[in-house]
Amino acid sequence: RRAGSLSGGQGQRVALARALAARPDVLLLDEPFSALDPAVRSAMHRLLVELRAAVEPTVLLVTHDRHEAAAVADTVAVVLEGRVAQHAAVDVLHARPASLAVSRFLGGLNEVPGRCAGGAHHSALGRLDVGPAAIGAADGPATLVVRQEAVRLVAAGDRAADLTGTVARVTPQGARSLVEVATVAGPLHAEVPPGAGWAPRSPVGVVLPLEQRWVLPAPEPLDDAALASA
């Protein structure tokens with residue numbers, strides 16, 4: 001068939017076949033799937049993973065889509081302002097970002113300003129122990145980050161809750177929803193499964209799993225109100 005008669009996905013398969021025919025040691029892909037619809041893009045991600053297992057080239061793929069990077073990569077380099085801000089496995093990048101800029105670039109929404117002291121983070125939320133990987137964080141102004149995917153919502157009176165707040169907004173995101181909770185330290189976000197049933201203005205308990213808490217040095221000095229402890 002002529003090239004003009006191929007669909008986007010078919011064209012990309014042909015392009016990959018042509019590139020692999022030369023048996024390259026390194027395969028360079030510059031946003032190869034950006035023009036494809038979601039279903040075809042997912043199929044191409046699976047094909048790329050299968051190809052890597054079969055022919056074992058080193059693949060360097062450039063993308064602006066963090067979900068795509070997570071789907072196909074062993075490790076990801078986050079490039080900000082022309083520099084590599086962090087290079088690590090996908091789960092490390094999300095759970096232990098090297099900076100607030102990396103956290104925000106990867107879609108992190110939860111930031112609580114405060115201070116680290118004695119192996120804990122102190123803020124308007126009170127004293128919160130930090131996970132084992134963050135215990136060595138230097139004392140001083142610091143921001144607590146917890147991925148919204150890791151935050152759990154429970155009944156306001158649940159003893160497992162680390163803090164309480166009020167549901168401010170519920171935003172559907174396909175099968176899941178993003179819940180924004182108003183707290184004394186500002187908004188916190190949690191991704192919840194279908195049918196969770198949280199409604200705006202309802203009280204809610206928030207669980208910040210210990211192993212998912214991470215602290216980063218504050219980019220600027222914080223005022224006394226932000227550092228107040230309960």
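Me: How is a salt bridge defined, and how many does the structure hold?
Reply: A salt bridge is a side-chain nitrogen of Lys or Arg within 4 Å of a carboxyl oxygen of Asp or Glu. The structure holds eight salt bridges. This is a predicted model, in which local features need pLDDT of at least 70 and side-chain atom pairs count only at pLDDT 80 or more, while totals for chains, interfaces and linings use all residues. Residues are numbered from 1 along each chain as its sequence is written, and side-chain values use heavy atoms, with hydrogens and water left out.

Me: Which residue forms a salt bridge with E149, and is R147 buried or exposed?
Reply: Side chains of opposite charge can pair when their charged atoms come close. Here E149 pairs with R147, with the closest N and O atoms 3.0 Å apart. Buried means under 20% relative accessible area, exposed over 50%, and partly exposed in between (1.4 Å probe, protein chains only). R147 is therefore buried, at 9% relative accessibility, whereas E149 is partly exposed at 38%.

Me: What links R176 and E191?
Reply: Their side chains meet in a salt bridge (3.4 Å, N to O). This pair links distant parts of the chain, 15 residues apart: R176 lies in strand β11 and E191 in strand β12 (residues 186-192). Strands (E, at least two residues) and helices (H or I, at least four) are DSSP runs, numbered from the N terminus. R176 is partly exposed at 34% relative accessibility, and E191 is buried at 17%.
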